[in-house]
Amino acid sequence: MKKLWQRFEEYLDNYNIKMKLLILYVICVLLPLIVTDSVIIYTVIQSAQLSRQHNMENISGAVSYSFFNSIDNASRIGKSIYTNRYVDQFLETEYESPLDYVTSRQSFMKDTLFDSGFGLDSTLITMYSDNETIVSGGEFDKISSVSNSKWYQYLQESGRDQILCFYYDDSKSPAVSAKRKIVFVRKLNFFNSHREKLIKLEIDYSKMVRNLVEMNYDVPIYICLDGKVMLSNTGSSSIVRDFETFTRKAEVGYVEDVSLYGLDLKIYVLNPKVMALTEISSNLPVILLLIVVNVVLPLILVREINHSFTTRLRELSCVFECVEDEKLVEIKTVRGKDEIGSLMRNYNRMAVRTNDLIQTVYLDKLREQEINIAKQKAELLALHSQINPHFMFNALESIRMHSILKKEFETAEMVERLAIMERQNVEWGNDSVEICREMEFVKAYLEIQKYRFGDRLSYMLDVEPEFYEYRIPKLTVVTFVENACVHGIESKTAPGWIFVRVFREQENMCLEIEDTGGGMEESFMEELYDKMVNASIERLQDKGRVGIINACLRLKMVTNEEVRFELEGEKGMGTTVRIWIPLDYCG
């Protein structure tokens, strides 16, 4: 493989730059462009197909919902009558004469408001009973009059209490034109009875077809049962013709199965007609423009780039061939700011500096020595900066050990606390610190203050465990604790407490520093709150106490100004500071 690659490189070296650029154009531009465009076209076609498929799924879902809703309305009416005791009693009663039946029917219709209770003006409701004293007509009829009908026979064969039935009613033809029918039939057997009772809701077939057409879908839709078209938006659903066989399965793009009251229906959505040639011809100017942009223009550009390379490289070659007496000849005209132009300028610069090469080397050595000396000084300063704090820590440790030897344990403990504070104060390699370490520093500070105040000072630190490893700017909490000691405990003769709490409040970490000291005057509290909220570099330059401003400014900087402060208190009662830091800035 290595030898084959070497032979390829040797073979390539024999070509001039023009041929190399042409090969580069064909292999790295033209062929990838063809492949990429093919992939893009394929992706667009696939995306269009997926979009059409999704659209057909939505159409099928909408048709299914509309159809089911129409049938469900009839089902709800059937259920209402199914549980109506007055209807059941009316169908059960045996009437002495037709006049008695007519009188009872008028009273029933008037008392129950039967005609106005359902709101289905396009649905014909008929109730049947095997009660032979009923006079056929209107909403009531005898079962014997429909025992040979298609829908009644289908109900008996199904063994179900309720059915949905599509059928072609040619029973009265030729006297009456045959028609397509959609009926919902339900047995009225809610109440225990020895009679057979039914309700038939005949749904307006023409309205169902109109509803489907008025959905205004631009693709053919068929609702089929056992291979026959029950409903369609194509105009083939003529009410006076028998149901046709569905013959367009090859054009189906999406099928949905719907089971409804014993019927297994299929909703077919046909593929939309895509005029591919029409789309291509309408976009022909754009396609031709892409060919020009992707093929012709790059070819012209490669030719011009080749000319830019070869002309100036030829000039460089001529200059190197003219070297005499170990002196380099300068190029009189330098063109371009690319690598070849830079090479020509660097060549001129090299020619000018050839005669003083030794001097240049000497100056370079001097410069290198100066850099080494500066580096050594920086290292010495760094070592010196490390010696001072370590010397101080060693001195404090010696004092602590001396106190222990003299059994001055309280002094030794205070020196240890002071060392902790000083070490925290000088370690500024990183301005952030974990909450647990900050609390150690707060505890060390309060222990030193307790050494000073004695029983006048008590404190409690309460940190929720989830915040132990969260980081905040160093010396943030202790600054407010110091303020509580100076302005709270120190100004009060009675014993006082300092509480430091860290807890979650919604999506914030809350730092709370509370003291039961002497409190502050309202004017001083307002001034302090103003310093906290409006902390800035300019205020740090003012004279006076800047610890609070420093802490608040660093909190504002690390939280992108999203930190919130609250200061409340009362003279003689104490002061509470609350700081809310968004959890996103406590990492």
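User: What makes Arg195 and Glu92 a pair to start with, and are they buried or exposed?

Analyst: Both Arg195 and Glu92 are buried, a word used for residues under 20% relative accessible area. Keep in mind that this is a predicted model.

User: Why is the contact between Arg195 and Glu92 called a salt bridge?

Analyst: Their side chains meet at 3.9 Å, N to O. The rule asks for a side-chain nitrogen of Lys or Arg within 4 Å of a carboxyl oxygen of Asp or Glu, so 3.9 Å for Arg195 and Glu92 fits. This pair links distant parts of the chain, 103 residues apart: Arg195 sits in the loop between β4 (179–187) and β5 (197–203), and Glu92 belongs to helix α3 (residues 85–92).

User: How many salt bridges does that rule give?

Analyst: The count comes to 23. Another of them joins Asp72 to Arg76, with the closest N and O atoms 2.8 Å apart. Here both partners lie in helix α2 (residues 17–82), four residues apart, which is about one turn of the helix.

User: Why is Arg76 called partly exposed?

Analyst: Arg76 has a relative accessible area of 47%. Buried stops under 20% and exposed begins over 50%, so a value in between is partly exposed.

User: How do you know whether Glu561 and Lys556 are buried or exposed?

Analyst: Glu561 has a relative accessible area of 55%, and because that is over 50%, Glu561 is exposed. Lys556 is at 10%, under the 20% limit, so Lys556 counts as buried. The two form a salt bridge, with the closest N and O atoms 3.7 Å apart. Elsewhere, salt bridges that share partners join Asp88, Glu92, Glu94, Asp130, Arg195 and Lys197 into one network.

User: What makes α12 and α13 roughly parallel?

Analyst: Helix α12 (residues 435–453) and helix α13 (residues 476–489) pack at an angle of about 20 degrees. Angles under 35 degrees count as roughly parallel, so these two helices qualify. Their axes are 9 Å apart, and α12 passes α13 in a right-handed crossing.

User: Which residues form the nonpolar patch on the surface?

Analyst: The patch is made of Leu288, Leu289, Ile291, Val292, Val293, Val295, Val296, Leu297 and Ile300, with about 730 Å² of accessible area together.

User: Why does Val293 count as partly exposed, and where is its place?

Analyst: Val293 has a relative accessible area of 38%. That lies between 20% and 50%, so Val293 is partly exposed. Its place is in helix α8 (residues 284–321). Patch members need over 30%, so Val293 at 38% passes that cut-off too.

Key: Residues numbered from 1 in each chain as written. Predicted model: local features only at pLDDT ≥ 70, side-chain atom pairs only at ≥ 80, totals over all residues. Heavy atoms only, no water. Patch = residues over 30% accessible without salt bridge, like charges linked within 9 Å, V, L, I, M, F, W, Y side chains within 5 Å. Areas by Shrake-Rupley, 256 points an atom, 1.4 Å probe, with all protein chains shown as cover. Buried < 20%, exposed > 50% of the residue type's maximum accessible area, 1.4 Å probe, protein only. Axes fitted to C-alpha atoms, helices over the stretch in contact; angles between N-to-C directions. Parallel < 35°, antiparallel > 145°, perpendicular 65-115°, else oblique. Left-handed = near helix turned anticlockwise from the far one by under 90°.
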